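The following paragraphs consider how aromatic side chains are arranged in a protein model. The reader is invited to follow them on the structure shown here.

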Amino acid sequence: MQRVMIIGQPGSGKSTLARRLGDKTFLPVIHIDHIHWKSGWVERDRADKTRMTLEASNRPAWIFEGGHSKTWPERLARADTLIWLDLPLGLRARRVLWRTLRSYGKTRPDLPDGCPEQISLEFWSWIWRTRHSARVNMRALYDGAPAEKTKYHFTSKAQVNAFLSDLGTALAVGNLGIPHR
């Protein structure tokens, strides 16, 4: 486990899982929103996002969470582990609402400086419009991943928590080849 690719729709827990995995494994965490956005919620142009994403995925070790699906094939080729957080829309919507209210006006760690949490009808509309198509694309990536990749498909918070608990146990006994505490 040296390069972990995490995919999922908004509110699925990608950033949280990436941070928790990073804390356990000491692997550097890359949040796609740091690439997607510039300060002030200014979206980078597509070519810059692609270049920056590919540069980041060429590093020797990482936990890379998020979209920019144009680069998924290259990221998957470099990844040894693929995690798909496939949680229900209702749960994801509650999480997005809760994080918006909890962090309103503040910048979350998975966002660049100058991007304070805000209520965005455009974002909510995008979540709704892409709920089926994004899932179809993630299913295709997951199902098409080469057999040598370690793959996890989580459909509940309990599965994610069990995975983290099992990982903690594996790290404690030192059988993942990752320095442990």
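A charge is taken to sit over a ring if NZ of Lys or CZ of Arg is within 6 Å of the ring centre and within 35 degrees of the ring normal. In this predicted model, Lys151 lies over the face of Tyr142, at 4.3 Å from the ring centre. Arg75 is placed over the face of Phe64, with a distance of 4.4 Å from the ring centre.

Rings also meet one another: seven aromatic pairs are found in a search of the whole structure. One of them joins Phe123 and Trp126, whose ring centres are 6.1 Å apart and whose planes are at 20°, so the pair is stacked. Both residues belong to helix H6 (residues 121-129), where they are three residues apart, about one turn of the helix. Phe123 is partly exposed, with a relative accessible area of 28%, and Trp126 is also partly exposed, at 39%.

A further stacked pair is formed by Tyr152 and Phe154, with 5.8 Å centre to centre and 20° between the planes. Tyr152 is partly exposed, its relative accessible area being 26%, whereas Phe154 is buried because its value of 8% is under 20%. Ring pairs link these two residues with Phe163 into a cluster.

The surface offers another aromatic residue, Trp98, which is found in helix H5 (residues 89-103). Trp98 is exposed, with a relative accessible area of 54%. Together with Leu97 and Leu101, Trp98 makes a nonpolar surface patch of about 350 Å².

Terms used. Residues numbered from 1 in each chain as written. Predicted model: local features only at pLDDT ≥ 70, side-chain atom pairs only at ≥ 80, totals over all residues. Heavy atoms only, no water. Patch = residues over 30% accessible without salt bridge, like charges linked within 9 Å, V, L, I, M, F, W, Y side chains within 5 Å. Areas by Shrake-Rupley, 256 points an atom, 1.4 Å probe, with all protein chains shown as cover. Salt bridge = Lys/Arg side-chain N within 4 Å of Asp/Glu carboxyl O. Helix = DSSP H or I, 4+ residues; strand = E, 2+ residues; numbered from the N terminus. Buried < 20%, exposed > 50% of the residue type's maximum accessible area, 1.4 Å probe, protein only. Phe/Tyr/Trp six-rings, centres within 6.5 Å; stacked < 30°, edge-to-face > 60°.
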